[in-house]
Amino acid sequence: MQLSRERLERIFVVVERQGGEESIRKLQRNFSILRSEIEEAATLGWISIEKRKPKTGRPAIVARRLSKNVAAKLPPWRYEIEKPIKWSHQKFAMFSVNMSIKGGGRISGLPGYVEAYRKAFPAAKSRDGIYASCSRLLRHPN
């Protein structure tokens, strides 16, 4: 998962609420912030990750917010991050290319893209629904 500005703001709010620093373990468990997001914020220069070793007990890895006037690059907004293609849609694309090369469905006599949709989404029941969903998927650019 890529870090967005909204998630970076969430990290800031949580860390500031906890007094300016918080252990990464608590950020993950209590506030559902992924470790990859924390590490990406650290590489961008917004927080620092330090290891604290007490005299007894488990060492703690602490995330601390750097000063507010840091000239670090902000991550993109969530809507600017492109979403990856779903596996089922990718499977439909592979089947439709394969069916177009073969020349359509051989068994049922349906067009190739409809047969590809039936193979990619076996739970689809009605033929009209398959046609409608298939045409909707074919309009997507990816």
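Helix axes are taken here as lines fitted to C-alpha atoms over the stretch in contact, and angles run from 0 to 180 degrees between N-to-C directions. Helices (H or I, at least four residues) and strands (E, at least two) are DSSP runs, numbered from the N terminus. The model is a predicted one, where local features need pLDDT of at least 70 and side-chain atom pairs count only at pLDDT 80 or more, while totals for chains, interfaces and linings use all residues. Residues are numbered from 1 along each chain as its sequence is written, and side-chain values use heavy atoms, with hydrogens and water left out.

Helix 5 (residues 112-120) packs against helix 6 at an angle of about 100°, the axes lying 10 Å apart. The two helices, 5 and 6, are therefore roughly perpendicular (65 to 115 degrees) to each other. On the helix 5 side, the contact (heavy atoms within 4.5 Å) is made by Tyr113, Val114, Tyr117 and Arg118; helix 6 brings in Ile130, Tyr131, Ser133, Cys134, Leu137 and Leu138.

Helix 6 itself runs over residues 127-138 and reaches 16 Å from its first C-alpha to its last, close to the 16 Å expected at 1.5 Å a residue (1.5 Å times one less than its number of residues). Its buried residues (under 20% relative accessible area, 1.4 Å probe, protein chains only) are Ile130, Ser133, Cys134 and Leu137. Down the axis of helix 6, these fall within an arc of 105° (from the directions from the axis to the C-beta atoms), so they line one face of the helix.

Now to the cores. The largest nonpolar core (buried Ala, Val, Leu, Ile, Met, Phe, Trp, Tyr and Cys joined through side-chain atoms within 4.5 Å) has 16 residues, and those with the most contacts inside it are Leu8, Leu27, Ile33, Ile38 and Ile47. Helix 1 (5-17), helix 2 (24-31) and helix 3 (35-44) each give two or more residues to this core, with the largest share, 5 residues, coming from helix 1. Apart from it lies another core of 10 residues, including Met99, Leu110, Val114 and Tyr117.

Beyond its neighbours within four places in sequence, Ile47 touches Arg64 among others. Arg64 sits in strand 3 (residues 60-65) and, at 29% relative accessibility, counts as partly exposed (between 20% and 50%). Glu22 is 42 residues from Arg64 in sequence, yet their C-alpha atoms are 6.7 Å apart.

Finally, Ser32, in the loop between helix 2 and helix 3, has a phi near 55°, a positive value in a residue other than glycine. Ser32 is exposed (over 50%), with a relative accessible area of 53%.

Notes:
Angles under 35 degrees count as roughly parallel, over 145 as roughly antiparallel, 65 to 115 as roughly perpendicular and the rest as oblique.
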